[in-house]
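Here's a quick briefing to read with the model open in your viewer. It walks through a sheet, an interface, some salt bridges and a few backbone oddities.

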Amino acid sequence: MPGTNGALRQFTRRTALTALGAGIVGATAASWPRLTGTDIPGRGDNSLSIAIMGTAADAAARQKVIDAFAKVHPEIKVKVQAIQAVDWKDFFTKILTMVAAGTPPDVVYVATEGAQLFAEKLAHPLDEYLRRDADHMKEYFEDVHPSLVEAFMYKGSLFQLPIDWNAANMYYNTASLRQAGLERPADDWTHMDFRSTLAAMKKAKPQDFTPYYWTNRLFGGVVPWLYANETSFLKETKSTGGEWLWDGFYANDPSRSLRSGGYQWLEPNADDPRVFESFDYLRSLVKDGLGVRPEEGGGGALIGLFASNRIGTTPAGGYWVQGLHEAGMTENDFDVQFFPKWRTQRHQFGTAGYAIMKTAKDKDAAWEWVKFSSSKEAMQIVFPTPNTTPARRSMVNEKLYAGTGPRNWKVFYETLDKFPTTGPIPAPPQQAAVETALMKNVSLAVSGDERQLKQALESMQRDLELALRRQP
Amino acid sequence: MSTATSTPTGTGKQPGRQATHKHSQPSKRGRVQQRWLPWAFLAPTIVGMGIFTLLPIVASLALAFFRWDIISAPTFVGFDNFAEVVQDPTVRVSFLNTIVFVIVAVALQLGLALGLAIMVQEKLPSWLRVFFRSAFFFPLILSAASVSIFMRYLFNEQFGVVNWLLSLVGVPAVPWLTTPGGSAAVVILVYVWQNFGFSFLLFIGGLASIPVETYEAASIDGATGWRKHFYVTLPLLSPTTLVASVMAIINALQVFDQPYVLTRGGPGDSTRTAVMVIFESAFQRLEFGQASAIGVILTLIIMAITAAQFRLSKRFVFYQ
């Protein structure tokens, strides 16, 4: 019966196609929120969308702060978006992509690396809010060093409140130091003392051991050495303005006269003889086997190597303490000291805080979040362990470092107190291009002979000129 | 057995069918359906291609004539982006690096894939063949970024396994990732290791399609060992070689993951590639116009090389 079979076949095919079509329509309808992106936290509702660098676990860890905030401001709904990124540069790229897609967050946690990029193009100044809530904010500024605040000043306006920070101090392995027959270095040890320390460490433990390990990056790479030698790879100037803040909150601070409307890095400075001198010093460490040729990447991988006594010294901030503790080091196994002195003992630091976006739906609500996040209550929730240095001086105390070390934890905050000219990571609005220009030439500069060093610095100067050619 | 629905064209040009099935001519509705139905099925793909492939290509081409940083409004700058790109020493070096990379990596990739394919196909028992086919293909399914992160640890000068192994035979530590020569070698090595499996599988397929009789005839004519491969295998594999080389070159011209994760293009610009410069211009320097201009130049280069390959193939490719 061909007709019957044909009809049956036809019926079956039609039914199958209809079912398939219905399935596609159903699936499309079911996944419509995903397809249109309306399921993205903060989109499509009035909640305040906060972007932080991190994982879903980091976002979950903020829940306690959100709960605490909700008690104070039940009318403001908050959602935290954790954005995974390799480094800050990568994080900013993702935020910019969200801006381009028309879905920017309302508030972003921004580190020094991106502070001027945000201030120039994306962020809303906090000036009016600070003036309005000056009485409330007085307590915060009394507890936070002005150097950290100045890092977030841009052309006379303040764009962020520092929440956490880290200076490039020098960590040392106490076992390696003892093995070399050395005591804790003096607070004012010099770059030559540092070299002698490395040489003694190497002599005492030549096998499978690196006296000085450093990575090629903007924080803790070559920059602290440049700062200690009273120079940098960019010419550092300061803009005028900002008196409203300094006179309002830091009028009696001993370093008041040093404060400005914010840092400016407008021109390259890689051809400065002191830059050559600093690079040459590092080149000599590499040449003599006292330091490594720096590789790119973060310092996270170093923790295991440092904890297993295969690294003698490395520059890092307070963020390393919890990692070393978790890697099994006790407070007797490692310690920290100021960065060695050269012409000066000016340190390098980086800090981070929340920036309100120009496009924020409700800036007043965003300010309430920023203000709350800078409170001691919120910061104590966020920083239960020493995995960074809190911006509030009162929180950098015995209790925070109890059981983890280092013994000389006071070094962290004293870096700012004892060296008030200590400066932020050089990060103009063109930071990404500047960082690339620096990093791509560092390895070459310290790995070859003097001729190669000169060529690398010439190349760096040229790359920096290109990076800075368009001033905002 | 023919029915109205199974008539392929319905135009009446098939005399037999026309003669026996006068009523099988489709109705007007049927003709409309036959004319538009294929387009209806193709529509989702065409729309998808238009939105996600053609539109970005056109947008990218247009963007090459603008200055745009995502945040501000784009400004028309004519050919300025192309002029700046051509004058930029980093861009020039990156293109040169890419060309050198393509020559070395593709030669190694194809050579290794062909050699191993012949060895596996001829010398190994069938159960081992299956094992090696999977083993050689395995790196290709891994994420290039993950592999590169892993390789960074392996090739670390101080603490890497590679230098530790070398130290066992008295070789001093090699600065793999911190010298121009070393880093280029590692990038090529990692790339070839991860990608030769695809060419290997193509060659295995090509080898399997060569008739055994051809080898038997060659043997009767006195060909043995190398001569057999030189005069039989290579010529008969030439269509496969063409496909493998076209794909390998196009992929290698777009190399990004391995140098980006392993060396970030350094030291200096020694491992910076064209696609890395596109990424840096767009997403780090926020110069999307320049990035598009570099992308346009790279696309033209890829098209020119591929066209040249197909033109040259007329001389070197033999079909049975």
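What follows is a short tour, grouped by topic.

Keep in mind that this is a predicted model. Two topics get most of the space: a four-stranded open sheet in chain A, and the contact between chain A and chain B, which buries about 2900 Å². After that come the salt bridges, 33 of them over all chains, and a handful of unusual backbone spots.

**The sheet in chain A**

- Reading across the open sheet, the strand order is β9-β14-β8-β15 (chain A), and the pairing is mixed.
- The edges are β9 (210-212) and β15 (334-337) of chain A, each of which pairs on one side only.
- From one strand to the next, the twist averages 25°.
- Strands of a sheet can pair either parallel or antiparallel, through backbone hydrogen bonds.
- For β8 (residues 169-173) and β15 of chain A the sense is antiparallel, with four bridges between them.
- If you want a spot to click on, A:Y172 has A:D335 in β15(A) as its bridge partner.

**Helices lying on the sheet**

- Helix α11 (residues 191-204) of chain A lies across β8, β9 and β14 (311-316) of chain A, and its direction is at about 170° to β9(A).
- Helix α20 (residues 410-418) of chain A lies across β8 and β15 of chain A, at about 155° to β8(A).
- So which strand of chain A do you find under both α11 and α20? That's β8(A), which is listed for α11(A) and again for α20(A).

**Where chain A meets chain B**

- Interface size is often quoted as the accessible area lost when the parts come together.
- Here chain A and chain B bury about 2900 Å² between them, with 57% of that on carbon and sulfur atoms.
- A:R293, A:E295 and A:K440 supply 20% of the area chain A buries against chain B, more than any other three residues.
- In residues, the contact takes 35 from chain A and 33 from chain B.
- Polar contacts across the interface come to 10 residue pairs, counting pairs with both residues at pLDDT 80 or more.
- On the chain A side, the elements giving two or more residues are α5 (88-100), α6 (112-121), β13 (295-296), α21 (431-447) and α22 (450-467) of chain A.
- Of the side of chain A that touches chain B, α21(A) has the largest share, at seven residues.
- By type, that side of chain A splits into 16 nonpolar, seven polar and 12 charged residues.

**Salt bridges**

- The whole structure has 33 salt bridges over all chains, and the count between chain A and chain B is six.
- B:E287 forms a salt bridge with A:R469, where the closest N and O atoms are 3.5 Å apart.
- Inside chain A, the side chains of A:D288 and A:R195 meet in a salt bridge at 2.3 Å, N to O.
- That pair links distant parts of the chain, 93 residues apart: A:D288 is in the loop between α14 (273-287) and β13 of chain A, while A:R195 is in helix α11 of chain A.

**Backbone oddities**

- Most peptide bonds are trans, and most residues other than glycine have a negative phi.
- The bond from A:G405 to A:P406 is cis, with omega near -5°, and A:P406 is in the loop between α19 (398-401) and α20 of chain A.
- In chain B, the bond from B:G266 to B:P267 is cis, with omega near -5°; B:P267 is in the loop between α11 (257-262) and α12 (274-284) of chain B.
- A:K155 is not a glycine, yet has a positive phi of about 50°; look for A:K155 in the loop between β5 (153-154) and β6 (157-158) of chain A.

Technical notes
Residues are numbered from 1 along each chain as its sequence is written. Chains are lettered from A and ligands numbered from 1 in the order in which they are written. This is a predicted model: local features need pLDDT of at least 70, side-chain atom pairs count only at pLDDT 80 or more; totals for chains, interfaces and linings use all residues. Side-chain values use heavy atoms; hydrogens and water are left out. Two strands pair if DSSP finds at least two bridges between them. Axes are lines fitted to C-alpha atoms, for helices over the stretch in contact, and angles run from 0 to 180 degrees between N-to-C directions. Contact means heavy atoms within 4.5 Å. Buried area is the accessible area (1.4 Å probe) that two parts lose on being put together, summed over both. A salt bridge is a side-chain nitrogen of Lys or Arg within 4 Å of a carboxyl oxygen of Asp or Glu. A polar contact is a pair of N or O atoms within 3.5 Å; within protein, one must be able to donate a hydrogen and the other to accept it, and residues adjacent in sequence count only if both atoms are side-chain atoms. Ala, Val, Leu, Ile, Met, Phe, Trp, Tyr, Cys and Pro count as nonpolar, Asp, Glu, Lys and Arg as charged, and the others, Gly among them, as polar.
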